[in-house]
Amino acid sequence: MKHLQQILIKALQRTAALWPPLKEAYGLVYQAAHILANHEQQTGAQVRETYLAWIAHMQEQKAHLGALSTVIEHFVEITGNFAPGLFHCYDVKDLPRTNNDLEHCFGVARAHERRATGRRGAIPGVVVRGSVRLIAVLVTKREDLQAADLRPSDYRKWREIRGQLRYREDARRQKFRIRK
């Protein structure tokens with residue numbers, strides 16, 4: 001144990017100059033995560049404004065971070081790429097906030113399809129009716145679902161969705177005929 005402690009002390013002494021910029025960079029990223037957590041229950045526009053102001057602050061601070069400035073620059077660039085779709089979850093109720101939550105929703109739908117069909121691979125019905133089936137899986141998780149909830153509230157939108165499904169079915173059917 002004494003030998004291990006000496007190794008750790010020596011390593012910490014040799015890397016002491018690296019810790020302050022790392023601590024500062026961690027603080028910047030941690031604050032960005034805190035803003036996105038939205039504990040104040042702000043709207044999407046408010047979160048966007050606060051977050052983008054913080055990103056601008058991070059860009060100003062990257063000069064103090066030395067070698068870690070490239071990491072902050074990458075973080076800012078990736079945020080810029082995802083910014084258009086990053087804030088919808090604050091305005092749309094029950095929209096998953098993280099990729100993991102969203103992937104979980106798709107995984108649940110895939111598991112249902114697999115149980116129903118026994119197929120492991122891509123299921124042709126999902127290609128045609130995937131948008132409707134995914135919503136059906138997500139809605140049926142609610143325990144208080146009533147028959148009245150299944151009735152379309154906007155018939156124009158319902159007819160539009162039915163038209164899209166019919167179009168996809170026809171396109172798939174024509175591909176099948178060509179292969180035969």
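**Helix packing and loop residues in the predicted model**

Glutamine 41 lies in the loop that joins α2 to α3. In this predicted model, the residue has a phi near 60°, a positive value in a residue other than glycine. With a relative accessibility of 62%, glutamine 41 counts as exposed, because the threshold for that class is over 50%.

The loop between α2 and α3 also holds asparagine 38, the residue that follows α2. Its phi is positive too, at about 55°, although asparagine 38 is not a glycine. Is asparagine 38 buried or exposed? Its relative accessibility is 2%, so asparagine 38 counts as buried, the cut-off being under 20%. Once residues up to four places away in sequence are set aside, the contacts of asparagine 38 are with Val47, Tyr90 and Arg97. Of these partners, Val47 is also one of the α3 residues that meet α2.

The helix leading into this loop, α2, covers residues 19–37. Its 19 residues reach 26 Å from the first C-alpha to the last, close to the 27 Å expected at 1.5 Å a residue. Five residues are listed as buried in α2: Pro21, Ala25, Leu28, Ala32 and Ile35. Viewed down the helix axis, these buried residues fall within an arc of 85°, so they line one face of α2. Such a pattern fits the geometry of the fold element: an α-helix has 3.6 residues a turn, so residues three or four places apart point the same way. On the other side of α2, the exposed residues are Pro20, Lys23, Tyr26 and Tyr30. What do the buried residues of α2 pack against? Their partners are α3, residues 44–61, and α4, residues 69–86.

The pairing of α2 with α3 can be followed residue by residue. The axes of these two helices come within 9 Å and cross at roughly 170°, and α2 and α3 are therefore roughly antiparallel to each other. From α2, the residues taking part are Glu24, Leu28, Val29, Gln31, Ala32, Ile35 and Leu36. They meet Val47, Thr50, Tyr51, Trp54, His57, Met58 and Gln61 of α3. Leu28, Ala32 and Ile35 thus appear both in this interface and among the buried residues of α2.

A further helix pair is formed by α3 and α4. Here the axes come within 10 Å, with a crossing angle of roughly 160°, and the two helices are therefore roughly antiparallel to each other. The crossing of α3 past α4 is left-handed. On the α3 side, the contacts are made by Arg48, Tyr51, Ile55, Met58 and Gln59. Their partners in α4 are Ile72, Glu73, Phe75, Val76, Thr79, Ala83, Pro84 and Leu86. Tyr51 and Met58 of α3 are involved here and also meet α2.

Towards the start of the chain, lysine 10 sits in helix α1, which spans residues 2–14. Its relative accessibility is 47%, so lysine 10 counts as partly exposed. How many ångströms separate the C-alpha atoms of lysine 10 and histidine 39? The two residues are 29 places apart along the chain, and their C-alpha atoms are separated by 41 Å.

Later in the chain comes helix α5, made up of residues 99–117. It has 19 residues and reaches 27 Å from its first C-alpha to its last, close to the 27 Å expected at 1.5 Å a residue. Its buried residues are Cys105, Gly107, Val108, Ala109 and Glu113. Glycine 118 follows α5 and has a positive phi, near 80°.

Contacts with α5 are also seen from leucine 134, which is found in helix α6, residues 124–139. At 19% relative accessibility, leucine 134 counts as buried, because the limit for that class is under 20%. Which residues does leucine 134 touch, leaving aside its neighbours within four places in sequence? The answer is Cys105, Phe106 and Ala109; among them, Cys105 and Ala109 belong to the buried set of α5. The C-alpha atoms of leucine 134 and arginine 110, which are 24 residues apart along the chain, are separated by 8.9 Å.

Definitions and conventions
Residues are numbered from 1 along each chain as its sequence is written. This is a predicted model: local features need pLDDT of at least 70, side-chain atom pairs count only at pLDDT 80 or more; totals for chains, interfaces and linings use all residues. Side-chain values use heavy atoms; hydrogens and water are left out. Helices (H or I, at least four residues) and strands (E, at least two) are DSSP runs, numbered from the N terminus. The expected span of a helix is 1.5 Å times one less than its number of residues. Buried means under 20% relative accessible area, exposed over 50%, partly exposed in between (1.4 Å probe, protein chains only). The arc is that of the directions from the helix axis to the C-beta atoms. Contact means heavy atoms within 4.5 Å. Axes are lines fitted to C-alpha atoms, for helices over the stretch in contact, and angles run from 0 to 180 degrees between N-to-C directions. Angles under 35 degrees count as roughly parallel, over 145 as roughly antiparallel, 65 to 115 as roughly perpendicular and the rest as oblique. A crossing is left-handed if the near helix is turned anticlockwise from the far one by less than a right angle, and right-handed if clockwise.
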